[in-house]
Amino acid sequence: LVITLPIIATLPMGNKHSNINSAKATLNSPTAPDVELSIEDSYICKSDRRSNEMPLHQNRFICSKNGRYVFGMSNDGKLMYRDNELDLVEVYYSGKHGDYFVLEADGTFIVKDKHDEVQWSKVNKFAMGYTDNCLENNPCPYLHLHDGGVLVINYIDEGGEWQTKNFKHTIDVGYP
């Protein structure tokens with residue numbers, strides 16, 4: 001399934017701005033082969049969910065099912081969230097080409113470079129550990145981007161209870 005989305009986004013770069021005028025999102029399974037693409041032309045939606053330990057490489061995003069919201073790594077190494085309708089972009093980490101994002105099994109948000117060296121990490125404020133197959137084929141913790149735009153982290157807590165938390169409440173997102 002291929003969806004063409006109008007994207008008019010402004011990414012701040014010092015005193016300059018870069019406009020992204022349109023993009024094509026391809027909804028693929030999490031195991032689809034990676035294809036080299038430029039964020040200015042298109043990006044690949046891997047799903048609306050992402051399991052732990054499954055990296056998001058450049059131009060790979062999790063996208064809400066309605067296509068309005070995306071979260072992932074841009075071609076130039078930005079870990080970002082975008083609201084395609086409101087022209088809103090939040091950049092949580094600004095790195096370089098080749099960087100990729102991983103949600104660790106303990107809920108830590110990590111960006112690594114092409115040599116697998118950690119460049120950025122944010123430890124989760126809540127105790128969570130790996131749980132096998134907590135929802136169909138998604139081991140916990142995992143990320144889920146809802147149609148309303150909220151990116152949540154789902155996990156099983158130490159008491160065995162299902163938890164869903166806005167990721168902004170689980171880590172200190174900060175801005176570079």
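**Briefing: strands, salt bridges and burial**

Lys168 has a relative accessibility of 33% and counts as partly exposed. The model it belongs to is predicted. The protein has one helix and 16 strands. Six salt bridges are found in the structure, and Lys168 takes part in one of them, with Glu90.

**Overall make-up**

- The protein has 176 residues, and 47% of them are buried.
- About 8700 Å² of the protein is exposed. Carbon and sulfur atoms supply 50% of that area.
- Take the contacts in the protein with a separation of 6 or more: 37% of them involve residues 24 or more positions apart.

**The salt bridge of Lys168 and Glu90**

- The side chains of Lys168 and Glu90 meet at 2.9 Å, N to O.
- Lys168 lies in helix α1 (residues 167–170), and Glu90 lies in strand β8 (residues 88–94), so the pair ties together parts that are 78 residues apart in sequence.
- Glu90 has a relative accessible area of 11%, so the residue counts as buried under the 20% cut-off.
- Lys168, at 33%, is over that cut-off but not over 50%, and is therefore partly exposed.

**Other salt bridges**

- Side chains of opposite charge can pair when their charged atoms come close.
- Asp99 pairs with Lys96, with 3.6 Å between the closest N and O atoms. Asp99 is buried, at 1% relative accessible area. Lys96 is partly exposed, at 41%.
- Asp48 pairs with Arg49, and the closest N and O atoms are 3.5 Å apart. Asp48 is buried, at 9% relative accessibility. Arg49 is partly exposed, at 24%.
- A network of salt bridges links Arg68, Asp83 and Glu85.

**The loop between β7 and β8**

- Asn84 sits in the loop between β7 (78–83) and β8.
- Asn84 is a buried residue, with a relative accessible area of 9%.
- The side chains of Asn84 and Arg82 are joined by a polar contact of 3.5 Å.

**The four-strand sheet**

- Strands of a sheet pair through backbone hydrogen bonds, either parallel or antiparallel.
- One open sheet of four strands runs in the order β4-β14-β15-β16. Its pairing is antiparallel.
- The edge strands are β4 (49–51) and β16 (162–166). Each has a single partner strand, so one side of each is left without a neighbour in the sheet.
- Direction ignored, neighbouring strands of this sheet are turned by 20 degrees against each other on average.
- Five bridges pair strand β15 (residues 151–156) with β16 in the antiparallel sense.
- Val152 has Asn166 in β16 as its bridge partner.

**The hairpin of β10 and β11**

- Strand β10 (residues 109–112) and strand β11 (residues 118–122) run antiparallel and are joined by four bridges.
- Phe109 stands opposite Lys122, which is in β11.
- Five residues lie between the strands of this hairpin. Asp116 takes a positive phi near 65 degrees there.

Notes:
Residues are numbered from 1 along each chain as its sequence is written. This is a predicted model: local features need pLDDT of at least 70, side-chain atom pairs count only at pLDDT 80 or more; totals for chains, interfaces and linings use all residues. Side-chain values use heavy atoms; hydrogens and water are left out. Two strands pair if DSSP finds at least two bridges between them. Helices (H or I, at least four residues) and strands (E, at least two) are DSSP runs, numbered from the N terminus. A salt bridge is a side-chain nitrogen of Lys or Arg within 4 Å of a carboxyl oxygen of Asp or Glu. Buried means under 20% relative accessible area, exposed over 50%, partly exposed in between (1.4 Å probe, protein chains only). Contact means heavy atoms within 4.5 Å. Accessible areas come from the Shrake-Rupley method with a 1.4 Å probe; for residues, only the protein chains shown count as cover. A polar contact is a pair of N or O atoms within 3.5 Å; within protein, one must be able to donate a hydrogen and the other to accept it, and residues adjacent in sequence count only if both atoms are side-chain atoms. Axes are lines fitted to C-alpha atoms, for helices over the stretch in contact, and angles run from 0 to 180 degrees between N-to-C directions.
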